[in-house]
Structure formats: structure tokens, C-alpha cells
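Me: I'm just starting out with protein structures, and I would like a close look at a single part of this one. Could you begin with the overall picture and then zoom in?

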Amino acid sequence: MKTAIYPGSFDPVTYGHLDIIRRAADIFDELIISVLNNVRKTPLFSVEERVKILEDATKDMPNIRIESFSGLLVDYAREKDVHVIVRGLRAITDFEYELQNAQTNRLLSGEELDTMFFTTSLQYSYLSSTTVKEIASYGGDVSGCVPEFVAELIYGKFGIR
Ligand code: ADP
């Protein structure tokens, strides 16, 4: 069985992430979406909230599992006996960071962990969780960026509506 891990902050999940999730889930037998518990970032949603949001947003997709992790991705992947990481690429600005991470992970894993990149669908190339939070914090419309229930949760966090 071919399994891949799609790690990220997902704070919160956007249509850009969901597009990558759908496409990766079509290729792999199983896709583990792993919410990174990053102590250096102050997220809008807790890890538990982000896991729950991802579960609800992907409930129609059978071969997906949502988990969370902290620490090194290579250690987590080794623990799961998974050898492929999925990441998304939006623009050249993502590339440098992603290339460095992919090469570091390959090295740290003793060349056992590869990263597979999905290029963004054009309509989502501008989309990031940060932009969505920024728009929503001013009461702007984010209905084209995230599922409706996620939009409501973001507005709730900002005390809007
Ligand atoms: P990070 O893990 O860097 O904190 P995110 O959780 O926002 O970032 O994103 C996880 C992965 O999804 C990254 O590889 C990122 O490039 C990708 N991604 C985010 N938004 C999009 C999008 N709109 N289209 C394609 N890929 C995306």
C-alpha cells in the first residue's frame, strides 16, 4: 500500500490545500494529513481545532486520515514507515523554501524520504491561510477561499457576525 504524508499548519485549511489533498488522494492508496504542532507559531486555531476542521472538510474522501505531530518530520515519517511527503507549490517564492526542506529531509532520513510537489491549480495560486485570516479579520468575504463552515469559524474567532 502506497501512503504519503501531507504535513502543514493548515491554520485553517483552504480550498488550495483541499485541491492538493484531493489530487494526492487520487494517486496514493492512503494520505495522512498531519497538522504540525509548531511551538514557534501562534495559530488562530488550536491543533485539535485544525484536526477537527480537516476531518469535517474531507469527510467525503475515504482514503484520508488526519493526525497531528510535533518535532522532526523525518522522525514522524519513519515512525509511520512512510517514504513520501506531499507539498504544494504556488509560486517561485514557495520554491526556495520547499526545495531546502525537501533536501534537508532527504538528507536527514538517510535518503529514505522523498518529497512530491503538486503545483497549485491556477485559481488558488493566490490563496494562503494568512491571507484568508487577514481578509476575515476585517469582515471581508472569504467564501471563495474556504468551505462555508470554516469561514463561520474564522469569523467567530474574530468576533464577527
Ligand atoms: P506551512 O506548512 O508552510 O506552514 P501551510 O499549512 O499553509 O504552510 O501549507 C501546507 C502546504 O500546502 C505547503 O506546501 C503549501 O505550499 C501548500 N499550499 C498552501 N496553500 C496552497 C495553495 N493555495 N495552492 C497549493 N498549495 C498550497
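How many helices and strands does the secondary structure of the protein come to? And once that is clear, please take me to helix α3: which of its residues are buried, and what do those residues pack against?

Reply: Happy to! One thing to keep in mind from the start is that this is a predicted model. The secondary structure of the protein comes to six helices and five strands. If you walk along the chain from the N terminus, the elements follow one another as β-α-β-α-β-α-β-α-β-α-α. The radius of gyration is 16 Å, close to the 15 Å that the globule rule gives for 161 residues, so the protein is as compact as a globular protein of that length. Along the principal axes, the C-alpha atoms fill a box of roughly 50 × 35 × 30 Å.

A few overall values set the scene. Of the 161 residues, 47% count as buried. Look at contacts between residues at least 6 apart in sequence, and you find that 72% of them join residues at least 24 apart. The protein exposes about 8900 Å², with carbon and sulfur atoms supplying 52% of that area. As for charge, there are 17 positive and 24 negative side chains, and the centres of the two sets lie 2 Å apart.

Now for your helix. Find residues 73-80, which make up α3, and pick out Leu73, Val74, Tyr76 and Ala77: these are buried. Seen down the axis of α3, the buried residues fall within an arc of 160°, so they line one face of the helix. What does that face meet? The buried residues of α3 pack against the strands β1 (3-8), β2 (30-36), β3 (64-69) and β4 (84-89), and also against helix α4 (92-108).

Next, follow the chain out of the helix. α3 is followed by Asp81, a residue in the loop between α3 and β4. Asp81 has a positive phi of about 60° although it is not a glycine. Is Asp81 buried or exposed? Its relative accessible area is 58%, and the cut-off for exposed is over 50%, so Asp81 counts as exposed. You can find a similar case in the loop between α4 and β5 (114-119), where Glu111 sits. Phi of Glu111 is near 60°, again a positive value in a residue other than glycine. With 55% relative accessibility, Glu111 counts as exposed too.

It helps to set α3 beside another helix. In α2 (residues 47-57), the buried residues are Val47, Arg50, Val51, Ile53, Leu54 and Ala57. Viewed down the axis of α2, they fall within an arc of 160°, so they also line one face of their helix. Their partners are α1, β2, β3 and α6. So β2 and β3 appear in the list for α2 and in the list for α3.

Let's use α1 as a stepping stone to the rest of the chain. Before that helix comes the loop between β1 and α1, where you will find Pro12. The peptide bond from Asp11 to Pro12 is cis, with omega near -5°. Within α1 itself (residues 15-27) lies Asp19. Its relative accessible area is 16%, and buried means under 20%, so Asp19 counts as buried. Leaving aside neighbours within four places in sequence, Asp19 is in contact with Ser121 and Tyr124. Asp19 and Ser137 are 118 residues apart along the chain, and their C-alpha atoms are separated by 24 Å.

One last stop is the loop between α5 (129-137) and α6 (148-157), which holds Val146. Val146 has 0% relative accessibility and counts as buried. Not counting residues up to four places away in sequence, Val146 touches Val13, Thr14, Tyr15, Val132, Ala151 and Ile154. Try finding Gly159 as well: Gly159 is 13 residues from Val146 in sequence, and the two are 18 Å apart in space, C-alpha to C-alpha.

To return to your helix: α3 has a buried face that packs against four named strands and α4, and the helix is followed by Asp81 with its positive phi.

Note on methods:
Residues are numbered from 1 along each chain as its sequence is written. This is a predicted model: local features need pLDDT of at least 70, side-chain atom pairs count only at pLDDT 80 or more; totals for chains, interfaces and linings use all residues. Side-chain values use heavy atoms; hydrogens and water are left out. Helices (H or I, at least four residues) and strands (E, at least two) are DSSP runs, numbered from the N terminus. The radius of gyration is taken over C-alpha atoms; the globule rule is 2.2 Å times the number of residues to the power 0.38. Buried means under 20% relative accessible area, exposed over 50%, partly exposed in between (1.4 Å probe, protein chains only). Contact means heavy atoms within 4.5 Å. Accessible areas come from the Shrake-Rupley method with a 1.4 Å probe; for residues, only the protein chains shown count as cover. Lys and Arg count as positive and Asp and Glu as negative; His and the chain ends are not counted. The place of a charge is taken as NZ of Lys, CZ of Arg, CG of Asp or CD of Glu. The arc is that of the directions from the helix axis to the C-beta atoms.
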